[in-house]
Each structure stands twice: as C-alpha cells, then as structure tokens.
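Visitor: I'm a first-year student and the jargon scares me. Please show me the molecule, and then I'll ask how you know what you say about it.

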Amino acid sequence: MSHGTGQAAAAVGEAHPNIALAKYWGKLAEGPNLPAVPSLSLTLAGMVTRTAVRLEPSLPGDRLTLDGAPAQGRAVQRVSQLLDLVWHGPAGASQRRPAAAVESTNDFPTAAGLASSASAFAALAVAANAALGAERSVEELSSMARQVSASAGRSLFGGFVELPAGKLGDDWLPARPLAPADHWELRLVVAVTAVGPKAVGSTEGMIRTAATSPLYDGWLRWAPESFQQIRQAVLARDLDVLGPAAERSALAMHGVALAADPPLVYWNGATVEVQRAVARLRAAGADAYFTIDAGPHVKIITTADQAEQVAAELAAVTGVHRVIVTRPGGPARLLTEGVDGR
Ligand code: DP6
C-alpha cells in the first residue's frame, strides 16, 4: 500500500444523495454500524455534494467547513473517523495520518432539510482516498463510509443500490449496485414540507427504536421479506408492485419509530396532506407512490412522463414549500479537474 502524502495534497470528490425504497432502520447491537435489515435505494441526479480534502500536516487536528461555515463536534468526529478508516484500511497502517482540511458544499439548499449525510460521506470517502493516496477499491470505500453512516455506503454507487443486513462478527459490509441509473427511467419528486434540521437524527432514532419500541422485533422479521419484494420489482421494472411495497416499507418504518418511547414523530401536517394528495392522484389514474425518511418531507415515486403533472399537483398542497423533480443518478466520483478552484 502506498501512502502518497507527497503527491497531490488536495482532492475533490462528488456524490449524490440517495433515497431508500426499502428502508434501513435499526442496527445490530454490536459491530461497526451494521444495519439490522437490508435496504435498497435510488441514487439521485441533480443534487450534488462536493467535498475537498487538503492534507495539512501542520494542523493540530482535522478542520471541517460545511457550506462555508466552520463545523465542530460530532460532524468533525465523523469526518476524522472516515479519514482514519481510509488511511488505516482493513489491515491497519503504522504511520500517523496527516491532519486534513475538509471543505464540503451542497448545491441543494441544506435549509430544505434533505438528507445530505449520505452524499457528504460518500464524497468524502472518494476525496480522502485520493488525498491520502490510499488506493482503496470502491467496495472498500463503501464499507468504510457505511461504518460512519450506513446510507452513505449506498451513495458510492449510482442507480439502484442494495445494502445487505450485517452479520455479527463481520465488519466488512459494502453496498452493491443492483442496476444502473438507466435501468429504469423513474422520477422522484421531493415535496419539501419544512425548513431546518429534523428534531431527532437517524442514528439516535434507531437506537431509541431498538431499545424501546414494542414493534421492533416484528419489523426485524418483516423487513427482509419486504426488501426481497422491492428488489424483484426493481429488477422487473414493475411500478405496480414497487409503489405499494415502497409505501409500506416507509409506513412500517415510521410505525415502529412512532411506538418508541418517547415517540419518534417525524411527520408534520403537510406530510400527511401530501400522502392524501398522492392517494387522490392515484385514484385519478396516476402512477404515484410516496416514501418518507426520518423527517417531514415526502418523496414521490412516479414515471418520467407524469412527473411534471405530479409535481404541479403537489406544489399546490397546503404546507408544501417547494417541489424538486429528480431522476436516477450516477456513482460518487473524483473530480480530476478544477480542484476547488486552486
Ligand atoms: C430513514 O444512514 O442516516 O433514511 O447509519 O446511523 O448514519 P446512520 O443512519 P442513516 O439512516 C438512514 C435512515 C433512513 C432510511 C434509509 O436511508 O435507508
């Protein structure tokens, strides 16, 4: 392994967010952030996180800037964790890792409250790999990003991506590509229903759910079956099966979270109004199905030819701030030119 600290001292990685059609919710009790259930996601084009890593051996510790503002605490710790994983690798490395200055920007408004940790850590994995000269494979980078945030492991790949459940005693768990972005010309319409960050982050929400929700065992038993059904529907490009199954995966995830103590209520009034609007659209003949992550926004799965109409209808729902139409996107990548303008 070559630790090329004398080579390119800065590198920029780029990655897209992803939305799970089959939800991940819950971790194994032991091990490095191993999901308790399998999940399947769609990587989204049109929204990008760009992350620059510059080695600064003279710094006392890693430095992080998020959308131009200096960050502290947990965010910096997670960045350092991923830099360490990439540097040491599965086999470990004896040399001390140089400190890094990390600058991350989203081209989509963070105020919209859309999940950005998946794209952020996927972009960081790619940039860190180049800046540190670590020469990790994309599978290794996916497994490492997954340790920091499981959904980030999926954003290393484009299109439809699956992340199996972890196995106790096995740290190795990368996501894997199921089908490329052009496999199925779906659209995902994001209905933004609030501004600002969510109340309880996913990590904390999952820990609380596992510890207190009486429905958690049922979720663990049911989620793998639901995942298999969604996986088959994606491979067969069958929206009539995928749509209802994706809705149920999301509702079951929210059901188990709602039953936690104290309850995890990620929805607001508009979250419910959008679900009702989607049901009305369907009753009128449209192919539109919703999914919801650990926040109040609703993402609607539909076809390319119906997306504009669906977006227009949902933009008119009370409490919807804006709608964004997205399509399947590509994998995380290293930007070889225009490195951060320097
Ligand atoms: C509801 O990947 O953010 O979006 O591994 O603790 O960082 P950590 O959790 P994270 O959880 C995502 C949860 C979800 C469903 C999903 O993306 O599968």
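Guide: First, some vocabulary: helices (H or I, at least four residues) and strands (E, at least two) are DSSP runs, numbered from the N terminus. This is a predicted model, where local features need pLDDT of at least 70, side-chain atom pairs count only at pLDDT 80 or more, and totals for chains, interfaces and linings use all residues. Residues are numbered from 1 along each chain as its sequence is written, and side-chain values use heavy atoms, with hydrogens and water left out.

Visitor: What makes β5 and β6 partners?

Guide: Two strands pair if DSSP finds at least two bridges between them. Three bridges join β5 (residues 63-66) to β6 (residues 69-71), so they pass. They run antiparallel, with Leu 64 opposite Ala 71 in β6. Two residues sit between the strands of this hairpin, and Asp 67 has a positive phi near 50 degrees.

Visitor: How do you know that β5 pairs with β7?

Guide: Count the bridges again: four join β5 to β7 (residues 100-106), and this pair is parallel. Thr 65 has Glu 103 in β7 as its bridge partner.

Visitor: Why are β2 and β9 called edge strands?

Guide: The open sheet has four strands in the order β2-β3-β8-β9, paired antiparallel. β2 (18-22) and β9 (176-179) each pair on one side only. Over four bridges, β2 pairs with β3 (residues 39-43), and Ala 20 stands opposite Ser 41 in β3.

Visitor: Why is α2 called oblique to α3?

Guide: Their angle is about 130 degrees, with the axes 9 Å apart. Under 35 degrees is roughly parallel, over 145 roughly antiparallel, 65 to 115 roughly perpendicular, and the rest oblique. About 130 lands in the rest, so α2 is oblique to α3.

Visitor: What makes residues in the contact of α2 with α3 nonpolar or polar?

Guide: Contact means heavy atoms within 4.5 Å. Phe 121, Ala 125, Val 126 and Asn 129 in α2 meet Leu 141, Ala 145 and Val 148 in α3. Ala, Val, Leu, Ile, Met, Phe, Trp, Tyr, Cys and Pro count as nonpolar, Asp, Glu, Lys and Arg as charged, and the others, Gly among them, as polar. The tally is six nonpolar, one polar and no charged.

Visitor: How confident is the predictor, going by the mean pLDDT?

Guide: pLDDT is its confidence in each residue, from 0 to 100. The chain's mean is 92, and 92% of its residues reach 70 or more. Over residues 4-8, though, pLDDT is below 50, and likewise over residues 337-342. Where pLDDT is low, don't read the predicted coordinates in detail.

Conventions
Axes are lines fitted to C-alpha atoms, for helices over the stretch in contact, and angles run from 0 to 180 degrees between N-to-C directions.
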